[in-house]
Amino acid sequence: GKTHDGVKFIEEHASEELSLKKVARAVSISGNYLSEKFKSVTGINFVEYVARVRFENACDLMKNGERRISEIAFAIGFQSLSQFNRVFKRFSGKSPTAYRRALTKR
């Protein structure tokens, strides 16, 4: 349904500025409705889901290529490096730098 469309929209537009309102408008439902239904569809709330999609995109970018961490952060939609570092650490338990170091050791 519409909520699934919203989830898909996030995955396709994760690198852009994303707000609940923007996503809701894109799939033509209300923000409140999307917010309410979102958790039952994905198991986590909207903000958390956006962060997770961006985190996964970051991991992919780190695996292939030598782009600077700051470039990756902005490429995947974070407004600041510190925000990116915080989110990344929450999901992976490591800082982006440590994560990348572990990757290249393999």
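1. Helix H4 (helices being DSSP runs of H or I of at least four residues, numbered from the N terminus) is followed by Gly-65, whose phi is positive, near 120°. This is a predicted model, in which local features need pLDDT of at least 70 and side-chain atom pairs count only at pLDDT 80 or more, while totals for chains, interfaces and linings use all residues. Residues are numbered from 1 along each chain as its sequence is written, and side-chain values use heavy atoms, with hydrogens and water left out.

2. At the start of H4, the backbone nitrogen of Val-47 has a side-chain oxygen of Asn-45 within 3.3 Å.

3. The 18 residues of H4 (residues 46-63) should span 26 Å at 1.5 Å a residue, and this agrees with its end C-alpha atoms, which are 26 Å apart; the expected span is 1.5 Å times one less than the number of residues.

4. Among the buried residues of H4 (under 20% relative accessible area with a 1.4 Å probe, protein chains only) are Phe-46, Tyr-49, Phe-55 and Met-62. The buried residues of H4 pack against helices including H1 (2-13), H3 (31-42) and H6 (81-92), where contact means heavy atoms within 4.5 Å.

5. The lining of the largest pocket comprises 15 residues, of which Val-47, Val-50, Arg-54, Phe-78 and Gln-83 lie nearest its centre; the elements giving two or more residues to this lining are H4 and H6. H4 gives the most, with six residues. A pocket is an open set of points on a 1 Å grid where a 1.4 Å probe fits, with protein on both sides within 12 Å along at least five of seven lines, and lining residues have an atom within 4 Å of a point.

Terms used. Buried means under 20% relative accessible area, exposed over 50%, partly exposed in between (1.4 Å probe, protein chains only). A polar contact is a pair of N or O atoms within 3.5 Å; within protein, one must be able to donate a hydrogen and the other to accept it, and residues adjacent in sequence count only if both atoms are side-chain atoms.
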